[in-house]
Amino acid sequence: MNDADVSQQIQQMVRFIRQEAEEKANEISVSAEEEFNIEKLQLVEAEKRKIRQEYDRKQKQVDVRKKIDYSMQLNASRIKVLQAQDDLVNSMKDAAIQELLRVAEDSKTYKKLLKDLISLLRLKEPSVLLRCREADVELVESVLDEAKQEYAKKAQVHSPTVNVDNHVYLPPPPKDSNSHGLSCSGGVVLASQDGKIVCENTLDARLEVVFRQKLPEVRPATFSLGSLNLIL
């Protein structure tokens, strides 16, 4: 084998080695690019998940905030409705009190009412202490005998002793609608002699009893649920 043949073989070997090296380099390059793309895709997906999670977290915060704001507005509106109810109910009560003041102005009607308010049957005591307004003493005494006789007939007992208290009177009627002191629109207070049994039959007490009994019916009637929706 001469030098030319040797040189040719060497060149062929060089080309073969170079070709293998280039192919290997291409394989490495392709593999590296594929790994890079896979890793890049994984990083992108991971960032997308983070972004979605962050978005979901913030969306939940917004939803919670909305619910809290709505609840606060609803509670505030309910308080407004309840306050409006109280104002209306109190105005109705004030109007009723003003009407009570007119009852005593009609002496004939008030006289009959006083007899009915001297409810001796509720005490069933042989001796009773009666208190009234100083202005009503004469009117009370004029119906006292009739009230005692009615009681004795209904209870089938002897007519009781009823002492009108001439030392301690019920408060007088209010001078005007702006009066804030103690006052009484009329009626009587009955008590056993030992003071253990008391029957408060003033017009004001009767109004208070009726008002408490009817309040559950009156309050819902003043405002419907639609009123709350209108406020909202």
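The legends below accompany several views of a predicted model of one protein chain.

**View 1. The whole chain, with its 6 helices and 4 strands.** Starting at the N terminus, the elements follow the pattern α-α-α-β-α-β-β-β-α-α. The chain is more spread out than a compact globule, because its radius of gyration is 49 Å, well over the 17 Å that the globule rule gives for 232 residues. Along the principal axes, the C-alpha atoms fill a box of roughly 165 × 35 × 30 Å. Buried residues account for 22% of the chain. Among contacts with a separation of 6 or more, 71% link residues 24 or more positions apart.

**View 2. The open sheet of 4 strands.** Reading across the sheet, you will meet the strands in the order β2-β1-β3-β4, and the pairing is mixed. At the edges sit β2 (161-164) and β4 (198-202), each of which pairs on one side only. On average, and with direction ignored, neighbouring strands are turned by 20° against each other. Strand β1 (residues 127-132) runs parallel to β2, with 4 bridges between them. Its other link here is to β3 (residues 187-192), where 5 bridges join strands that run antiparallel. As a reminder, strands of a sheet pair through backbone hydrogen bonds, in either a parallel or an antiparallel way.

**View 3. The two faces of strand β1.** Val128, Leu130 and Cys132 make up the covered face of β1, while Ser127, Leu129 and Arg131 lie on the uncovered one. This fits a familiar pattern: side chains in a regular strand alternate between the two faces of the sheet. Follow Ser127 into β2 and you will find Thr161 opposite. Leu129, in turn, has Ala191 of β3 as its bridge partner.

**View 4. A close look at Ala191 in strand β3.** Ala191 has 12% relative accessibility and therefore counts as buried. Its C-alpha atom is 5.2 Å from that of Leu129, although the two residues are 62 apart in sequence. Leaving out residues up to four places away in sequence, Ala191 touches Leu123, Ser127, Val128, Leu129, Ile197 and Val198.

**View 5. Helices α2 and α4 against the sheet.** Helix α2 (residues 107-117) lies across β3 and β4 and runs at about 20° to β3. Helix α4 (residues 137-155) lies across β1, β2 and β3, running at about 175° to β2.

**View 6. The largest nonpolar core, with 23 residues.** Ile118, Leu130, Val140, Val188 and Leu190 have the most contacts inside this core. Two or more residues come from each of α2, α3 (120-123), β1, α4, β2, β3 and α5 (203-222). The largest share belongs to α4, which gives 6 residues. For a sense of how one member is surrounded, take Ile118: beyond its neighbours within four places in sequence, Ile118 is in contact with Leu130, Val140, Val143, Leu144, Ala147, Val188 and Leu190. In soluble globular proteins, nonpolar side chains tend to be buried together.

**View 7. Confidence along the chain, ending at residues 228-232.** The mean pLDDT of the chain is 84, and 91% of its residues reach 70 or more. Over residues 228-232, pLDDT stays under 50, and the model has 10 contacts beyond four places in sequence for this stretch. A friendly word of caution: where pLDDT is low, the predicted coordinates should not be read in detail.

How values were computed. Residues numbered from 1 in each chain as written. Predicted model: local features only at pLDDT ≥ 70, side-chain atom pairs only at ≥ 80, totals over all residues. Heavy atoms only, no water. Pairing = 2+ DSSP bridges. Axes fitted to C-alpha atoms, helices over the stretch in contact; angles between N-to-C directions. Contact = heavy atoms within 4.5 Å. Core = buried A, V, L, I, M, F, W, Y, C linked by side-chain atoms within 4.5 Å. Buried < 20%, exposed > 50% of the residue type's maximum accessible area, 1.4 Å probe, protein only. pLDDT = per-residue confidence, 0-100. Rg over C-alpha atoms; globule rule 2.2 N^0.38 Å.
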